[in-house]
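User: Please take a close look at one part of this model, the aromatic rings and the elements they join, and then follow the charged side chains around them. I would like one connected account rather than a list.

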Amino acid sequence: MKKLILSTLAIALFGFSTAAVAQSTEGAQAQQAQVQQQENKTAIKMEEVPEAVKEGWDKKDYKAENVEKIFKVKTDSEEYIEFIVKGTMDKKAVHFDLNGNFLREKVIDTL
């Protein structure tokens, strides 16, 4: 009986460790996909931002002096301008398409 319980426990622990390895592998693959998208970023200056994007930027409540970096980003599905904006409580990535339309804002770091 003791051997049966120990064998069952050993099999259960092996199953849990296998599941953890699988989740770890999935996480590494997702992280690698993010890195591949970042490789399509090109740093640009405010002077290089298309006029339409500058007009879209001016319509929002962001301040130019809070911009840390600007990137032109190309992915398989879209092309956009990314502003990295530092606020008082967080850092955000603000995206505009090349026609100056606001796409999204996402918090990338909290301060």
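**Aromatic rings and the charges around them**

Analyst: In this predicted model, a total of 5 aromatic pairs is found. One of them joins W57 and Y62, whose ring centres are 5.3 Å apart and whose planes meet at 20 degrees, so this pair counts as stacked. W57 and Y62 are both buried. A second pair brings W57 together with F96, and here the centres are 6.3 Å apart with the planes at 65 degrees, so the arrangement is edge-to-face. Because W57 belongs to helix α2 and F96 to strand β4, this contact of rings ties together parts that lie 39 residues apart in sequence. Like the stacked pair, W57 and F96 are both buried. Taken together, ring pairs connect W57, Y62, F83, F96 and F102 into a cluster.

The helix that carries W57 deserves a look of its own. Helix α2 spans residues 51–59, and its buried residues are V53, G56 and W57. Viewed down the axis of α2, these buried residues fall within an arc of 105 degrees, so they line one face of the helix. On the other side of α2, the residues E51, D58 and K59 are exposed. The buried residues of α2 pack against three strands, namely β2 (67–74), β3 (79–86) and β4 (90–97).

Charged side chains also lie over aromatic rings. K60 is placed over the face of F102, at 4.1 Å from the ring centre, and F102 is itself a member of the ring cluster. In another such arrangement, the charged end of R104 sits over the ring of Y80, 5.1 Å from its centre.

From here the account turns to charges that pair with one another. Across the whole structure, 6 salt bridges are found. One of them joins K41 and E82, with the closest N and O atoms 2.8 Å apart. This pair links distant parts of the chain, since K41 is in strand β1 (residues 41–43) and E82 is in strand β3, 41 residues apart. The two partners differ in their surroundings: K41 has 28% relative accessibility and therefore counts as partly exposed, whereas E82, at 4%, counts as buried.

Strand β4, which holds F96, also takes part in salt bridges. E68 in strand β2 and K91 in strand β4 are 23 residues apart, and their side chains meet in a salt bridge at 3.0 Å, N to O. E68 is partly exposed, with a relative accessible area of 40%. The side chains of E105 and K92 meet in a further salt bridge, at 3.3 Å from N to O. Because E105 lies in strand β5 (residues 102–110) and K92 in strand β4, the pair ties together parts that are 13 residues apart in sequence. Both partners are partly exposed, E105 with a relative accessible area of 36% and K92 with one of 22%.

K92 also enters the description of D90, another residue of strand β4. D90 is buried yet has no salt bridge, and the nearest side chain of opposite charge, that of K92, is 4.3 Å away, while the cut-off for a salt bridge is 4 Å. Leaving aside residues up to four places away in sequence, D90 touches V85, V107, D109, T110 and L111.

Methods. Residues numbered from 1 in each chain as written. Predicted model: local features only at pLDDT ≥ 70, side-chain atom pairs only at ≥ 80, totals over all residues. Heavy atoms only, no water. Buried < 20%, exposed > 50% of the residue type's maximum accessible area, 1.4 Å probe, protein only. Helix = DSSP H or I, 4+ residues; strand = E, 2+ residues; numbered from the N terminus. Arc of directions from axis to C-beta. Contact = heavy atoms within 4.5 Å. Phe/Tyr/Trp six-rings, centres within 6.5 Å; stacked < 30°, edge-to-face > 60°. Lys NZ or Arg CZ within 6 Å of the ring centre and 35° of its normal. Lys, Arg positive; Asp, Glu negative; His and termini not counted.
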